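User: Hi! I'm new to reading protein models and would love to go through one step by step. Could you help me with some questions?

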Amino acid sequence: MGVTIRTAGGDDRELVVRLLDEAFQDDPVSSWVFPGAEYRRVTHHRLMAAFTDATLADGRVDLVEDGSACALWMSVPAGDPGHGEADGGDDEFAALRHAVDPDNERVEMIGRLTAGIHPQGRAHEYLWMIGVAPGRQGEGLGTALIGSVLDRCDREGRAAYLEASSERSVRLYRRLGFELTGEPLRLPGGPLMYPMWREPRAAGAQA
C-alpha cells in the first residue's frame with residue numbers, strides 16, 4: 001500500500017491549485033473567508049493559487065504521484081512569522097487581498113490573524129495546507145504525506161507546526177504527535193482554528 005510522493009515543480013502548479021480548491025471548498029475556514037457556495041466556487045481558487053505560488057517559491061509542495069493529494073510546507077527559521085512572507089510585514093497581507101479578492105477584507109484578515117499566533121523563537125517545519133481529493137479521502141494519503149516530513153523532523157530533531165481548521169482534523173493530528181498549543185483562534189463571526197505543535201520524537205533529538 002505504498003504511496004509514492006514527489007516534490008512538485010512549476011509544471012504541477014495548475015494541478016496543485018485545482019486539488020486545493022476542490023479539497024477546501026467545504027472547509028470551515030474557507031467557508032468563512034468566502035461565504036456562500038457560489039461566491040466560493042468562483043473566487044476560492046485564486047487564494048489557493050496565491051498560496052501555491054508562495055510555497056513553490058519559498059517552500060516545498062509534496063505531491064502524491066497520481067495527483068490525489070498534496071501538502072504545502074515552509075521551513076521556518078527561529079524568529080520568522082512562519083508564513084513565507086517577504087520583508088514588508090503587514091503590507092504582504094494587503095497585497096494578498098488586492099491580488100485575490102480586493103473587496104474581501106477576510107482574505108487579508110486570515111493572514112494577519114494566523115501570523116499573529118504563529119510560534120516564534122524556534123526553527124520548525126510549518127504545514128501550511130494539506131489537501132486530498134474529495135473522492136480519495138480516508139485512504140491514508142494525508143497521513144502518508146505528513147508522515148514523510150515528520151520522519152525527517154524526528155531524524156533532524158526539528159519541531160513542526162500547523163493550524164487545524166476543525167476538531168476532526170485536531171484528532172487526526174494528535175495521532176501524529178501534534179498537541180494543542182496556546183488558545184484556539186476564533187475567526188470573527190466564524191469558526192475556531194487550532195494551533196498545534198509537535199516536538200521531534202527521535203531519541204536524543206535536540207530542540
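User: How many aromatic pairs does the structure hold?

Analyst: Happy to help! Keep in mind that this is a predicted model. Two rings count as a pair here if their centres lie within 6.5 Å. The number of aromatic pairs in the structure is six.

User: Is the pair of Phe51 and Trp128 stacked, edge-to-face or tilted?

Analyst: The ring centres of Phe51 and Trp128 are 4.9 Å apart, with 40 degrees between the planes. Planes under 30 degrees apart would count as stacked and those over 60 as edge-to-face. The pair of Phe51 and Trp128 is therefore tilted.

User: How many residues apart in the chain are Phe51 and Trp128?

Analyst: Phe51 sits in helix H3, which covers residues 37–58. Trp128 belongs to strand E4, residues 124–132. The pair links distant parts of the chain, and its two members are 77 residues apart.

User: Is Trp128 buried or exposed?

Analyst: A residue counts as buried when its relative accessible area is under 20%. Its partner Phe51 has 12% and falls on that side of the cut-off. Trp128 has 13% relative accessibility, so Trp128 is buried.

User: Which residues form one aromatic cluster with Phe51 and Trp128?

Analyst: The cluster takes in further rings beside Phe51 and Trp128. The other members are Tyr126, Tyr161 and Trp197.

User: Which backbone oxygen does the side chain of His124 reach?

Analyst: His124 lies in strand E4. With a relative accessible area of 0%, His124 is buried. Its contacts include Tyr161 and Trp197, two members of the aromatic cluster. At 2.8 Å, the side chain of His124 reaches the backbone oxygen of Arg122.

User: Which element gives the most to the lining of the largest pocket?

Analyst: The largest pocket has a volume of about 1200 Å³. It is lined by 50 residues, and Ile130 and Tyr173 are among those nearest its centre. The lining divides into 25 nonpolar, 15 polar and 10 charged residues. With seven residues, the element that gives the most is E4.

User: Is Gly10 buried or exposed?

Analyst: Gly10 lies in the loop between strand E1 and helix H1. A residue counts as exposed when its relative accessible area is over 50%. Gly10 has 59% relative accessibility, so Gly10 is exposed.

User: How far apart in space are Gly10 and Thr52, C-alpha to C-alpha?

Analyst: Along the sequence, Gly10 and Thr52 are 42 residues apart. In space, the C-alpha to C-alpha distance between Gly10 and Thr52 is 9.8 Å.

How values were computed
Residues numbered from 1 in each chain as written. Predicted model: local features only at pLDDT ≥ 70, side-chain atom pairs only at ≥ 80, totals over all residues. Heavy atoms only, no water. Helix = DSSP H or I, 4+ residues; strand = E, 2+ residues; numbered from the N terminus. Buried < 20%, exposed > 50% of the residue type's maximum accessible area, 1.4 Å probe, protein only. 1 Å grid on protein atoms, 1.4 Å probe; cavity = no way out; pocket = protein on both sides within 12 Å on 5 of 7 lines; lining within 4 Å. Points joined across faces, edges and corners; volume = space filled by probe spheres on them. Nonpolar A, V, L, I, M, F, W, Y, C, P; charged D, E, K, R; others polar. Polar contact = N/O pair within 3.5 Å; in protein donor to acceptor, adjacent residues only side chain to side chain. Contact = heavy atoms within 4.5 Å. Lists of a residue's contacts leave out its neighbours within four places in sequence.
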